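Trainee: I have a new model open. Could you show me how to read a sheet and the helices around it?

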Amino acid sequence: MTSYPAPDEALGELLDRIAGQLGSPVPAHLRAALRAVPRHLFLPSTLWLRDGNGGHEPCDRESAPDRWWRAAYSDAPLVTQFAEGPDGDRVPSSSASMPSVVVRMLKALNVRPGHSVLEIGTGTGFNAALLSFVCGPENVTSIDVDPELTRRAQRALKACGRQPEVVCADGAGGWQPNAPYDRIIATCSVRTVPLPWLEQTVTDGLLVIPWDTPWCNFGTLLATKQADGTAEGMLAPYGSFMLLRAQQVDAELSAGLPPTGQEPERSVTAVSPWAVAGNDLDAQMYIGLRVPGVRHVWDTEVDEAHTRLRLADGRTSSWACVDYDGQQTWAFAVAQYGARRLWDEVTRAYEEYVAAGRPGVHRHRLRLIPDGRSTRLEVSVPA
């Protein structure tokens with residue numbers, strides 16, 4: 001016998017949790033949209049939930065209905081699809097976003113009835129349904145590169161009575177047939193804003209786009225299109241999304257020992273690796289925006305009581321290791337190799353961050369500039 005609450009009760013509890021995250025009530029038009037668009041209708045029969053050990057475990061609606069229902073109305077992201085990664089492992093390839101983040105992004109988008117909207121990343125179709133409720137399905141275009149996801153979303157949208165135009169195509173190109181748009185929102189992160197997104201937005205139109213750097217996947221760009229074709233805005237301190245398919249690269253970074261046959265430059269540093277790659281997301285975002293192309297990974301299995309932070313830039317074959325042996329607390333061993341001295345670049349950025357007063361993610365001001373076939377990013381932190 002199942003014991004999950006009725007949809008209205010479950011949604012009421014979810015709205016309370018979202019309000020707690022926002023620090024204020026959910027805006028009336030978004031609250032109405034959430035009541036009109038039941039989230040569970042857009043979820044597959046099998047969800048993949050975090051298992052507490054860095055992985056995921058299946059939750060099936062037929063065999064575990066109570067747990068599935070609680071997950072459907074939890075304020076948590078839910079993995080809905082896996083794909084095979086470069087190393088043969090299964091990796092998440094699509095998810096239902098955390099509802100409080102969905103609401104934050106839609107609130108920032110400031111969408112109103114009659115606005116034309118392009119959504120990059122249809123996913124389950126839930127976000128497209130919410131947009132359709134607010135501004136009318138005839139004004140919403142949603143695009144996704146995955147044909148199976150597109151078909152599922154179309155079925156769910158039809159069942160819900162919200163049928164915007166859903167297109168199966170590479171979202172990096174936007175969707176010119178319905179351009180220009182008053183609003184563009186992405187449910188995937190980018191490292192470079194595709195030029196078509198900027199070109200297909202009207203002057204004074206808004207773009208809400210999750211941001212990603214190889215160093216740190218966090219933050220959402222809120223930008224306004226300018227009359228000169230640029231866009232200006234800020235980073236909001238929320239959002240961690242899968243990378244746009246067209247920008248996905250091999251993110252594997254081998255831990256363990258440095259490559260054989262490469263003699264690195266060795267030194268010591270007083271900057272803790274935990275300071276630049278620990279729990280301080282403000283520091284991580286600052287570094288990620290200023291040290292391009294550099295990734296990191298922790299290795300805790302070098303040997304007993306030994307921790308290593310690995311850095312790499314695959315474009316230049318540069319790498320670095322920062323080692324803590326469990327004894328010295330004032331200095332860490334550094335090894336660097338290649339055209340770039342990666343640890344030197346990271347520590348310079350970190351020292352700038354400290355000197356600037358440890359600015360939060362929201363302090364960053366970003367300007368997107370058309371640059372050939374792409375866009376160029378200018379970053380500043382006002383005093």
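Mentor: Keep in mind that this model is predicted. Start with one strand pair. Strands 13 and 14 (residues 307-313) pair in the antiparallel sense, over 5 bridges.

Trainee: What holds such a pair together in general?

Mentor: Strands of a sheet pair through backbone hydrogen bonds, either parallel or antiparallel. For a case here, take Asp299: its bridge partner in strand 14 is Arg308.

Trainee: In what order do the 5 strands of the open sheet run?

Mentor: The order is 12-16-15-14-13, with antiparallel pairing. Strand 12 (265-269) and strand 13 (295-299) are the edges, each pairing on one side only. Neighbouring strands are turned by 20° against each other on average, direction ignored.

Trainee: Which helix packs on the sheet, and which strands does it touch?

Mentor: Helix 10 (residues 342-355) does, touching strands 12, 14, 15 (318-324) and 16 (332-337). The direction of helix 10 makes about 100° with that of strand 14.

Trainee: Now helix 9 (residues 281-290). Why is it described as largely enclosed?

Mentor: Count burial, meaning under 20% relative accessible area. In helix 9, 7 of the 10 residues are buried, so the rest of the structure largely encloses it. The buried residues are Ala283, Gln284, Met285, Tyr286, Ile287, Gly288 and Leu289.

Trainee: What do the buried residues of helix 9 pack against?

Mentor: They pack against strand 11 (231-236), helix 8 (273-277), strand 13, helix 10 and strand 18 (374-380).

Trainee: Which residue caps the N-terminal end of helix 9?

Mentor: Asp280. One of its side-chain oxygens lies 3.1 Å from the backbone nitrogen of Asp282.

Notes
Residues numbered from 1 in each chain as written. Predicted model: local features only at pLDDT ≥ 70, side-chain atom pairs only at ≥ 80, totals over all residues. Heavy atoms only, no water. Pairing = 2+ DSSP bridges. Helix = DSSP H or I, 4+ residues; strand = E, 2+ residues; numbered from the N terminus. Axes fitted to C-alpha atoms, helices over the stretch in contact; angles between N-to-C directions. Contact = heavy atoms within 4.5 Å. Buried < 20%, exposed > 50% of the residue type's maximum accessible area, 1.4 Å probe, protein only. Polar contact = N/O pair within 3.5 Å; in protein donor to acceptor, adjacent residues only side chain to side chain.
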